[in-house]
Amino acid sequence: MSGPTCFYVPDHLIDHLARNARQLGLDPDPARRTAIASRSLRGRRQLHSGTTLDTLLPPRPADGERQIFDDQHQWVTGVKMIRDEDDRPAAAANVNAAHDGLGATRAR
């Protein structure tokens, strides 16, 4: 895979591109088709998902397992895990900082 990869584009950005593609020097048709398809998919998801109080509230913190991965500064998937929840501190300070930061975020 070459070049940046985005797995999620918020609907407000797709709508903005669809409305302003020509001004940005882009062909507006792909952006319009994407916006229409995204609205359709969101509508279908809303029909199939019951709205309950749990779906309206943010998720509660859990004791999930922290996993730190090294992507080698690339936009790729399938990268190597370098520290797991019960592993000893790693040699690299940034790995430990990421692990500790996730723990602090989870604790809030």
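## A walk through a predicted helix-and-strand model

Of the 108 residues of the protein, 18% count as buried, where buried means under 20% relative accessible area, exposed means over 50%, and partly exposed lies in between (1.4 Å probe, protein chains only). Please keep in mind that this is a predicted model, in which local features need pLDDT of at least 70 and side-chain atom pairs count only at pLDDT 80 or more, while totals for chains, interfaces and linings use all residues. Residues are numbered from 1 along each chain as its sequence is written, and side-chain values use heavy atoms, with hydrogens and water left out.

Let us begin with the overall layout. The protein has 4 helices and 2 strands; helices (H or I, at least four residues) and strands (E, at least two) are DSSP runs, numbered from the N terminus. Their order along the sequence is α-α-α-β-β-α. The protein exposes about 9,200 Å², and carbon and sulfur atoms supply 55% of that area; accessible areas come from the Shrake-Rupley method with a 1.4 Å probe, and for residues only the protein chains shown count as cover. Take the contacts between residues at least 6 apart in sequence: 33% of them join residues at least 24 apart. Contact here means heavy atoms within 4.5 Å.

How far can you trust what you see? The average pLDDT of the protein is 79, and 77% of the residues score at least 70; pLDDT is the predictor's confidence in each residue, from 0 to 100. Confidence is highest in β2, at a mean of 91, and lowest in α3, at 64. Where pLDDT is low, the predicted coordinates should not be read in detail.

Now to the charged pairs. A search of the whole structure finds 3 salt bridges, each a side-chain nitrogen of Lys or Arg within 4 Å of a carboxyl oxygen of Asp or Glu. One of them pairs D15 with R39, whose closest N and O atoms are 2.8 Å apart. This pair links distant parts of the chain, with D15 in helix α1 and R39 in helix α2, 24 residues apart. The two partners have their own surroundings: D15 is buried because its relative accessible area is 18%, and R39 is partly exposed because its value is 43%.

Another salt bridge joins E85 and R66, at 2.9 Å from N to O. This pair also links distant parts of the chain: E85 is in the loop between β2 (80-83) and α4 (93-107), and R66 is in the loop between α3 (53-56) and β1 (68-70), 19 residues apart. Both E85 and R66 are buried.

The remaining salt bridge, between R32 and D29 (3.2 Å, N to O), stays within one element. Both residues lie in helix α2, 3 residues apart, about one turn of the helix. R32 counts as partly exposed because its relative accessibility is 38%, and D29 counts as partly exposed because its value is 37%. The side chains of D29 and R32 also make a polar contact at 3.2 Å; a polar contact is a pair of N or O atoms within 3.5 Å, where within protein one must be able to donate a hydrogen and the other to accept it, and residues adjacent in sequence count only if both atoms are side-chain atoms. Looking elsewhere from D29, its C-alpha atom is 7.7 Å from that of A18, 11 residues apart along the chain.

On the surface, L17, L24 and L26 make a nonpolar patch of about 260 Å². Patches are made of residues with over 30% relative accessible area and no salt bridge, like charges being joined within 9 Å and nonpolar side chains (Val, Leu, Ile, Met, Phe, Trp, Tyr) within 5 Å. L24 lies in the loop between α1 (11-20) and α2 (28-48), and L24 is partly exposed because its relative accessible area is 49%.

Two residues in the loop between β1 and β2 deserve a look at their backbone. Most residues other than glycine have a negative phi. Q72, in that loop, has a positive phi near 55 degrees, and H73, also placed there, has a positive phi near 60 degrees. Q72 is exposed because its relative accessible area is 52%; H73 is exposed because its value is 83%.

We finish in helix α4, where N96 lies. N96 is buried because its relative accessible area is 15%. Leaving aside its neighbours within four places in sequence, N96 is in contact with R83, P89 and A90.
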